[in-house]
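This report describes selected strands of a protein and one residue among them. Please consult the sequence and the structure shown below while reading.

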Amino acid sequence: MFPAGVSINPINGAMTPSTGHYVKRLGEFRGVYQDGKAFDTILSTQGDVTTYEVREFKEKGSDLFFGTTTMYPGRVGDEYFMTRGHFHERRDRGEVYYTQSGHGMLLLQSRDGKTETVEMKPGVCAFIPPDWAHRSINTGDEPLVFVWVCNPDAGHDYAGILARGMRSLVVCRNNAVAVVPNPNFAD
């Protein structure tokens, strides 16, 4: 393993070099958003739009890896475009997010149901403690770009969030960002 310098574009999240890249499209989020009719309308009128993309840099055998997430602006009903949200498979692994550009909200939830938020704006580095679910939400009108760093063995556990949702939703209410209880959260 050797040292490396990775160039990160703070406006679009492009990384040079990168070792991986994937794109998430709205159609993959069926059942995640509350307003199914608005979801179907977007798919039928705008197509399967890209909601976010992830790039990474990983060296085999390293105890760290990092990358960028670029989240595009948009809403489904009154909910902003968001990531799926997940816990880490390894319950003792945390993560950090450093916002490069755009505006958003990091929604966090402990396994015992405590909910917290961290505003995502340029210059803010959010600490995600071990064993807290986390979901990123773009609340602005431009791409939200952040750098993330974690341990490669942390893993992703999406099942609990996909099955139960999160206790809170981040929505647009009266042209402002609001955090509200999720009426469909399954206790």
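In what order do the three strands of the open sheet lie? The order is 10-9-12, and the pairing is antiparallel. Strand 10 (115-120) and strand 12 (132-138) form the edges, each pairing on one side only. On average, neighbouring strands of this sheet are turned by 20° against each other, direction ignored.

The model is predicted: local features need pLDDT of at least 70, side-chain atom pairs count only at pLDDT 80 or more, and totals for chains, interfaces and linings use all residues. Residues are numbered from 1 along each chain as its sequence is written, and side-chain values use heavy atoms, leaving out hydrogens and water.

Strands here are DSSP runs of E with at least two residues, numbered from the N terminus; two strands pair if DSSP finds at least two bridges between them. The antiparallel pairs include the following.

| Strand pair | Bridges | Partner residues |
|---|---|---|
| 9 (residues 104-110) and 10 | six | Leu-107 and Thr-117 |
| 8 (residues 95-101) and 11 (residues 125-128) | four | Val-96 and Phe-127 |
| 8 and 13 (residues 144-150) | six | Ser-101 and Val-145 |

His-134 lies in strand 12. This residue is buried (under 20% relative accessible area, 1.4 Å probe, protein chains only), with a value of 1%. The side chains of His-134 and Glu-95 are joined by a polar contact of 3.1 Å, the term denoting a pair of N or O atoms within 3.5 Å, where within protein one must be able to donate a hydrogen and the other to accept it, and residues adjacent in sequence count only if both atoms are side-chain atoms. Beyond four places in sequence, His-134 is in contact with residues including His-86, His-88, Tyr-97 and Leu-107, contact meaning heavy atoms within 4.5 Å.

Notes
Axes fitted to C-alpha atoms, helices over the stretch in contact; angles between N-to-C directions. Buried < 20%, exposed > 50% of the residue type's maximum accessible area, 1.4 Å probe, protein only.
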